[in-house]
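Visitor: I'd like a close look at a single part of this model. Pick the stretch at the start of the chain, and show me how the rest packs around it.

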Amino acid sequence: MVDAVQVVTAVLALNAAAGSLLIVVARVVDGRLPFARSIGRALIARRVELTLAVASVATAGSLYFSEVAEYIPCRLCWFQRIAMYPIAVIALVGLLRHDRDARWYVLPLATIGAGVSSYHSMIEQGWLSDSESCSLFGPSCADVWFRTFGFMTLALMALAGFVSIIVLNTISFDSANTDQPRQEPT
């Protein structure tokens, strides 16, 4: 069962990353390809719902791995959780209140979480050394519980979630390259 959850969560993280890439590409080619704006606007129109989905799945996944699979979170995993869990709550409140500006409360948390996840991923990959403080309160931050598809770790999944939340909540298709012709000043 744990192996299946690892694969499912890795696939979901890859889908979040691919969706983020799709939004960025749609924004870059906006105005050059007629369907790019439609795709981008459709995704961005659901930014609160998609943010809630990403944050909720990430929260449920982290709880599953620690409470069911009994993977003990390292210190950096806790910091990532501290950033991700409130995003799910903020997005839920934003959805219930129809507050499209909830993204401004989500972005600082997602940015901090992405920074921690990036650092953690670099430690897991061996690009940076594990600090002594990481192993004082639990397992080493360099410990990797699994590598699905040979590369997808828990920290990399968290990074994919944070980056997708950042992309969903920063990119807009309304302000630039609008469909209306530009008016010359009089």
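Guide: The expected span of a helix is 1.5 Å times one less than its number of residues. Keep that rule in hand for H1. Keep in mind, too, that this is a predicted model.

Start with H1 itself. Helix H1 covers residues 2-28. It has 27 residues, and its first and last C-alpha atoms are 39 Å apart, close to the 39 Å expected.

Next, the setting. The protein chain has 6 helices and 0 strands. From the N terminus on, the order reads α-α-α-α-α-α. Of the 186 residues in the protein chain, 41% are buried. Take the contacts between residues at least 6 apart in sequence: 76% of them join residues at least 24 apart. The accessible surface of the chain is about 10,500 Å², and carbon and sulfur atoms account for 66% of it.

Back to H1. Which of its residues are buried? They are Val5, Gln6, Thr9, Ala10, Ala13, Ala16, Ser20, Ile23 and Ala26. An α-helix has 3.6 residues a turn, so residues three or four places apart point the same way. The cover over the buried residues of H1 includes H2, H3 and H6.

A loop residue also meets H1. Thr148 sits in the loop between helix H5 (103-124) and helix H6 (154-170). Leave aside neighbours within four places in sequence, and Thr148 is in contact with Gln6, Val7 and Ala10. Gln6 and Ala10 are among the buried residues of H1. Is Thr148 buried or exposed? The cut-off for buried is under 20% relative accessible area. Thr148 has 7%, so it counts as buried.

Now one helix that covers H1. H2 is among the elements over the buried residues of H1. The cover also runs the other way: H1 is listed over the buried residues of H2, along with helix H3 (47-68) and H6. H2 runs over residues 34-45. Its 12 residues should span 16 Å at 1.5 Å a residue; the end C-alpha atoms are 18 Å apart, which agrees. The buried residues of H2 are Ala36, Arg37, Gly40 and Ile44. Seen down the axis of H2, these fall within an arc of 95 degrees, so they line one face of the helix.

Ile44 ties H2 to H1. Ile44 belongs to H2. Its relative accessibility is 11%, so it counts as buried. Not counting residues up to four places away in sequence, Ile44 touches Ile23, Leu168, Ile171 and Phe173. Ile23 is one of the buried residues of H1. Ile44 also comes within sight of a distant stretch of sequence: Ile44 and Thr170 are 126 residues apart along the chain, with 9.4 Å between their C-alpha atoms.

H1 also takes part in the largest pocket. That pocket holds about 710 Å³ of space. Its lining has 36 residues, and the closest to its centre are Val54, Val57, Ala58, Met157 and Gly161. H1, H3, helix H4 (75-96) and H6 each supply at least two lining residues. H3 gives the largest share, 10 residues.

Closed space is a separate matter. Rolling a probe the size of a water molecule over the atoms shows where empty space is left. The structure has 2 cavities of 30 Å³ or more. The largest cavity has a volume of about 90 Å³. Its lining counts 15 residues; the closest to its centre are Cys77, Glu124, Asp143, Trp145 and Leu154.

Last, two loop residues for backbone checks. Most residues other than glycine have a negative phi. Glu70 has a positive phi, near 60 degrees. Glu70 lies in the loop between H3 and H4. Its relative accessibility is 58%, so Glu70 counts as exposed. His98 has a positive phi too, near 55 degrees. His98 is in the loop between H4 and H5. At 70% relative accessibility, His98 counts as exposed.

To return to H1: its buried residues are covered by elements that include H2, H3 and H6. Ile44 of H2 touches Ile23. Thr148 is in contact with Gln6, Val7 and Ala10. And H1 supplies at least two residues of the lining of the largest pocket.

Terms used
Residues numbered from 1 in each chain as written. Predicted model: local features only at pLDDT ≥ 70, side-chain atom pairs only at ≥ 80, totals over all residues. Heavy atoms only, no water. Helix = DSSP H or I, 4+ residues; strand = E, 2+ residues; numbered from the N terminus. Buried < 20%, exposed > 50% of the residue type's maximum accessible area, 1.4 Å probe, protein only. Contact = heavy atoms within 4.5 Å. Areas by Shrake-Rupley, 256 points an atom, 1.4 Å probe, with all protein chains shown as cover. Arc of directions from axis to C-beta. 1 Å grid on protein atoms, 1.4 Å probe; cavity = no way out; pocket = protein on both sides within 12 Å on 5 of 7 lines; lining within 4 Å. Points joined across faces, edges and corners; volume = space filled by probe spheres on them.
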